[in-house]
Amino acid sequence: MSAFTGSASATASVPGAGADLLAALLDGMDAALCAFDADGTVTHWNREAERILGWSAAEAVGRRGFEGWAARSADAEETLQRLMGAMKGPGRQVHELALLRKDGGRVLVRSQAAGVRAADGSPAGVYCAFSEVHVQLDLERSVALSEALFEDASWGVVLVDADLRPAMVNGHAARAFGTGRTALLGRPLGDVVVHGAEELEAALQHVLAEGTPQAPAEVWVTLRTSDGERRRCWRSGFLLLSSPMAEEPVPLGVAWLFQDVTEERLAAREADRLRFRWSQLHRAGAAAAECEDPAEAAAVLLDFALAGFADHALVDRVAGERRLTRALATPAGAPGPASPVVGGGIPLRYGPRHPALQAWDRVGTVRASAGRTAEVWAEAHQWPADAAHAVCVTLRSRGRTLGVVTFLRAACRRPFEREDVVFAEAVASRVAVALDLGDRPDAV
C-alpha cells in the first residue's frame with residue numbers, strides 16, 4: 001500500500017503503532033504540513049495546518065486539491081498545479097500561495113514543496129510544508145540580522161555562554177580585542193582583559209540572574225595586546241538569550257554588544273578638567289585681589305591652582321647670577337596651603353642642569369620626570385620625596401625674570417603634558433605680577 005493512500009485521519013493508513021507514531025510526529029511539528037498523492041488528493045494534514053487555516057484533518061484529507069474549500073475557485077487549479085510540479089522537478093520548490101481560512105478570510109503562505117518517490121522510483125506524490133508569510137519573514141529577518149551582526153556590524157558583538165566564555169565573536173569585536181575571531185572562543189575574558197574582566201563578568205552574571213538591563217553601561221578595560229597594554233572605554237549593552245524551544249525559559253547565555261567610546265570619554269574628561277581649572281583660576285584671581293600682602297596673594301593663587309593639578313608648588317626667587325632662594329612652598333608631607341619659607345634667604349644648591357635653572361636660562365618652561373627611583377631623583381633636585389614629575393615656569397613681569405615656579409606631581413599621577421603647561425604658565429604670569437607688586441617700594 002502506498003504511503004500516500006488517503007484516509008480521514010492526519011496520516012495515511014499505516015497499520016498498528018507505525019500510524020500512531022507518524023501521526024504524533026506530524027502533529028508535533030512547528031510547521032504546517034500537508035501531502036498529496038500523485039492525483040493531487042490530500043493524504044496528510046497536521047495540527048499546525050489546521051491552526052493556520054481552520055480546516056481539520058477530517059475535513060481536509062481525501063479532497064482533491066483546494067477547490068471549493070481552501071482556495072478560491074479562480075486560484076485553486078493553478079495552486080494545485082504549482083505544488084504538483086514539485087513531483088517532477090528535483091529538490092524543493094518555494095511558492096507563495098493565497099489560501100482561504102475556514103472562516104472565509106484569506107491568508108498568504110510561503111510553501112516548500114518536494115516530490116515523493118515510490119519504491120520503484122516513480123512519482124508518488126508531493127509533500128508541502130507551509131507557514132504564514134509574515135512568520136516566515138520574521139524568521140528570515142532574524143536570521144539576516146544575526147548574520148549581519150556577525151559580519152558587517154560597526155560595533156562589537158560577543159555571545160557569551162552560561163560559563164561566561166565567548167561562544168561567538170564578530171569581526172569588529174575581534175579587532176577591538178586585538179585577536180582573531182576564533183582565538184577568543186572558549187577562553188576566559190581574563191586571558192585578554194588585564195583590568196576590567198571582573199566588572200565584565202559581574203555584569204554578565206547579573207544579566208543571567210536578573211535578565212536584560214534597561215540601560216547600557218560603560219566599562220573601562222585594559223587589554224593585553226602584542227603592542228602592549230591598551231586602556232579602552234566600551235559602552236556595553238547586554239541581552240539575555242533564552243531558548244525558544246523550551247517550555248520554561250532556559251538561559252543560553254548573554255549577547256554582549258559594545259562600542260568603543262574611549263576618545264569621546266577622554267575628550268569629555270579633558271573638557272571637564274579644563275573648565276574646572278579655568279574656573280579655579282578665576283576664583284583665585286578674585287580671592288587674590290582681596291589680599292593686602294602681595295606675597296599672600298601669590299600664595300592664594302598657588303593654592304587654588306593646585307586643586308586637581310599638582311601635589312606641590314614651589315616658588316624660587318632670583319638672588320644673583322644663577323642663584324635662587326626658596327620664597328614660597330607647600331608642605332613637603334601632608335597637603336596644605338602655600339606659605340613663605342622661614343629663612344629663605346640662603347641660596348639653593350641646585351646643580352647646573354637643574355630644571356629650574358634650565359627654565360631660567362631659556363626664559364620659558366621645562367618639563368621633567370624621574371628617570372630612576374623617584375625618591376633619589378627628588379632628593380637630588382631638593383624637592384619633596386614623593387615628587388616624580390615636574391614643570392618649571394619662569395616668573396616674568398615688566399620684562400624681568402623674578403624667579404621660577406615649580407609644580408610637582410607624585411609617581412601615581414601622569415606626567416605633565418602640553419595642556420598642563422598652558423595652565424601652569426597662566427598661573428605663573430599671575431604669581432609673577434603679585435610678586436612684582438611686592439617688590440615695588442610704593443606698593444601699598
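The following dialogue examines how terms are applied to a predicted model.

Guide: Residues are numbered from 1 along each chain as its sequence is written, and side-chain values use heavy atoms, with hydrogens and water left out. The model is predicted: local features need pLDDT of at least 70 and side-chain atom pairs count only at pLDDT 80 or more, while totals for chains, interfaces and linings use all residues.

Visitor: What does the pLDDT of the protein chain average?

Guide: The term pLDDT denotes the predictor's confidence in each residue, from 0 to 100. The protein chain averages 86, and 92% of the residues score at least 70. Over residues 1-15 the pLDDT is below 50, although this stretch has 40 contacts in the model beyond near neighbours in sequence. Contact means heavy atoms within 4.5 Å. Where pLDDT is low, the predicted coordinates should not be read in detail.

Visitor: Why are E7 and E8 said to stand at the edges?

Guide: Helices (H or I, at least four residues) and strands (E, at least two) are DSSP runs, numbered from the N terminus. Two strands pair if DSSP finds at least two bridges between them. An open sheet of 6 strands, with antiparallel pairing, follows the order E7-E6-E11-E10-E9-E8. Strand E7 (166-169) and strand E8 (193-195) each have a single partner strand, so one side of each is left without a neighbour in the sheet. From one strand to the next, the twist averages 40°.

Visitor: What makes E6 and E7 a pair?

Guide: Strand E6 (residues 156-160) and E7 are joined in the antiparallel sense over 3 bridges, and the requirement is at least two. Within this pairing, Val160 stands opposite Pro166 in E7.

Visitor: Which strands are at the edges of the sheet ordered E14-E13-E12-E17-E16-E15?

Guide: This open sheet of 6 strands has antiparallel pairing, and its edge strands are E14 (339-340) and E15 (365-369), each pairing on one side only. E15 pairs with strand E16 (residues 387-397) over 5 bridges in the antiparallel sense, and Ser369 stands opposite His389 in E16.

Visitor: Why are H8 and H12 called roughly parallel?

Guide: Axes are lines fitted to C-alpha atoms, for helices over the stretch in contact, and angles run from 0 to 180 degrees between N-to-C directions. Angles under 35 degrees count as roughly parallel, over 145 as roughly antiparallel, 65 to 115 as roughly perpendicular and the rest as oblique. The axes of H8 and helix H12 (residues 418-439) come within 11 Å and cross at roughly 5°; the two helices are therefore roughly parallel to each other. Among the residues making the contact are Trp278 and Leu281 of H8 and Phe423 of H12.

Visitor: Which strands does H8 lie across?

Guide: Helix H8 (residues 262-288) lies across strand E9 (217-225), strand E10 (228-242) and strand E11 (251-260), at about 115° to E10.

Visitor: Why does Glu132 count as buried?

Guide: Buried means under 20% relative accessible area, exposed over 50%, and partly exposed in between (1.4 Å probe, protein chains only). Glu132 has 12% relative accessibility and therefore counts as buried. Glu132 is found in strand E5 (residues 123-132), and the residues it touches include Arg51, Arg101 and Val107, not counting those up to four places away in sequence.

Visitor: What is notable in the phi of Arg322 and of Val363?

Guide: Most residues other than glycine have a negative phi. Phi of Arg322 is near 50°, a positive value, and phi of Val363 is also near 50°. Arg322 lies in the loop between strand E12 (312-318) and strand E13 (324-329), and its 33% relative accessibility makes it partly exposed. Val363 lies in the loop between helix H10 (355-362) and E15; at 44%, Val363 counts as partly exposed.
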